[in-house]
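Take a moment to look over the sequence and the three-dimensional picture before reading on. The paragraphs below begin with one residue and then move outward to strands, rings and charges.

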Amino acid sequence: NFYVNQLQSYIVVYDVNNQYSESEELPSSFGITACYPNPFNPVTHIDYSVDIDSKVSIFVYNINGRKIKTIESEFKTAGLYKTSWDGRNNNGLMMSSGVYFIEIENSFSKDVSKVTLLK
């Protein structure tokens with residue numbers, strides 16, 4: 001709700017994604033906060049925080065450091081987010097059991113978390 005009790009200039013901000021409420025604080029750090037379950041089969045969920053409005057990319061790398069999957073690459077406002085990885089590469093092929101690295105980055109920061117896919 002928005003009430004005006006004086007005639008002045010006002011700016012009303014409406015978040016269509018309902019990402020932020022006044023009772024929540026914006027994150028003070030950038031990075032992955034959790035990957036669960038880990039080990040996983042068939043899906044791992046990724047919680048992450050974005051401390052400043054920026055383009056955010058999330059990639060998966062195999063044990064040899066080869067990028068096999070782009071999970072997300074889009075502009076995000078500061079806040080808390082969730083995404084997931086289903087164990088498939090960019091071609092839709094299911095990856096073999098093993099260790100993989102989930103990387104999140106923007107222009108200013110980078111964070112990596114290790115996950116294990118079990119079949």
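A good place to start is histidine 45, which is found in strand β2, the strand made of residues 44-50. The model you are looking at is a predicted one, and every value below was computed from it. With a relative accessibility of 35%, histidine 45 counts as partly exposed, because that value falls in between the 20% under which a residue is called buried and the 50% over which a residue is called exposed. Which residues does histidine 45 touch, if its neighbours within four places in sequence are left aside? The contacts of histidine 45 are then Ala34, Cys35, Tyr36, Pro37, Thr83 and Ser84. Cysteine 35, one of these partners, is 10 residues away from histidine 45 in sequence, while the two C-alpha atoms are 5.5 Å apart in space.

Stepping back to the whole protein chain, one finds 0 helices and 7 strands, so that the order of elements from the N terminus on reads β-β-β-β-β-β-β. Of the 119 residues in the protein chain, 34% are buried. The chain exposes about 8100 Å², and carbon and sulfur atoms supply 49% of that area. If one takes the contacts between residues at least 6 apart in sequence, 49% of them join residues at least 24 apart.

The next step is to see how some of the strands are joined. Strand β3, which covers residues 54-61, is linked to β6 by 5 bridges, and these two strands run antiparallel. Within this pairing, isoleucine 58 stands opposite isoleucine 104 in β6. Strand β6 also has a partner in strand β7 (residues 110-117), to which 8 bridges join it, and here too the strands run antiparallel. The connection between β6 and β7 is a hairpin that passes through 4 residues. On the β7 side, aspartate 111 is the bridge partner of isoleucine 104, and valine 112 is the residue opposite glutamate 103. Isoleucine 104 can therefore be followed in two directions, towards isoleucine 58 and towards aspartate 111.

Aromatic rings form another part of the picture, and the structure holds 4 aromatic pairs. In one of them, the ring centres of phenylalanine 59 and tyrosine 61 are 6.4 Å apart and the ring planes meet at 70 degrees, so the pair counts as edge-to-face, a name used for planes over 60 degrees apart. Both of these residues, phenylalanine 59 and tyrosine 61, are buried. The ring of phenylalanine 59 has a charged partner as well, since the charged end of lysine 67 sits over that ring, 3.9 Å from its centre.

A further pair is made by tryptophan 85 and tyrosine 100, whose ring centres are 5.4 Å apart and whose planes lie at 65 degrees, so this pair is also edge-to-face. It links distant parts of the chain, because tryptophan 85 belongs to strand β5 (residues 79-85) and tyrosine 100 to strand β6 (residues 98-105), with their positions 15 residues apart in the numbering. Both tryptophan 85 and tyrosine 100 are buried. Ring pairs also bring in Phe40, which is linked with Trp85 and Tyr100 into a cluster.

Finally, consider the charged side chains. Side chains of opposite charge can pair when their charged atoms come close. The structure has 6 salt bridges. Two of them involve lysine 110: its side chain meets that of glutamate 103 at 3.6 Å, N to O, and that of glutamate 105 at 3.8 Å, N to O. How buried or exposed are the residues of these two salt bridges? Lysine 110 is exposed, with a relative accessible area of 55%, whereas glutamate 103 is buried at 8% and glutamate 105 is partly exposed at 24%. Elsewhere, salt bridges that share partners join Glu72, Glu74 and Lys76 into one network. Within that network, lysine 76 forms a salt bridge with glutamate 74, and their closest N and O atoms are 3.0 Å apart. Lysine 76 counts as buried, with 9% relative accessibility, while glutamate 74 is partly exposed, with a relative accessible area of 40%.

Notes:
Residues numbered from 1 in each chain as written. Predicted model: local features only at pLDDT ≥ 70, side-chain atom pairs only at ≥ 80, totals over all residues. Heavy atoms only, no water. Phe/Tyr/Trp six-rings, centres within 6.5 Å; stacked < 30°, edge-to-face > 60°. Buried < 20%, exposed > 50% of the residue type's maximum accessible area, 1.4 Å probe, protein only. Lys NZ or Arg CZ within 6 Å of the ring centre and 35° of its normal. Salt bridge = Lys/Arg side-chain N within 4 Å of Asp/Glu carboxyl O. Contact = heavy atoms within 4.5 Å. Areas by Shrake-Rupley, 256 points an atom, 1.4 Å probe, with all protein chains shown as cover.
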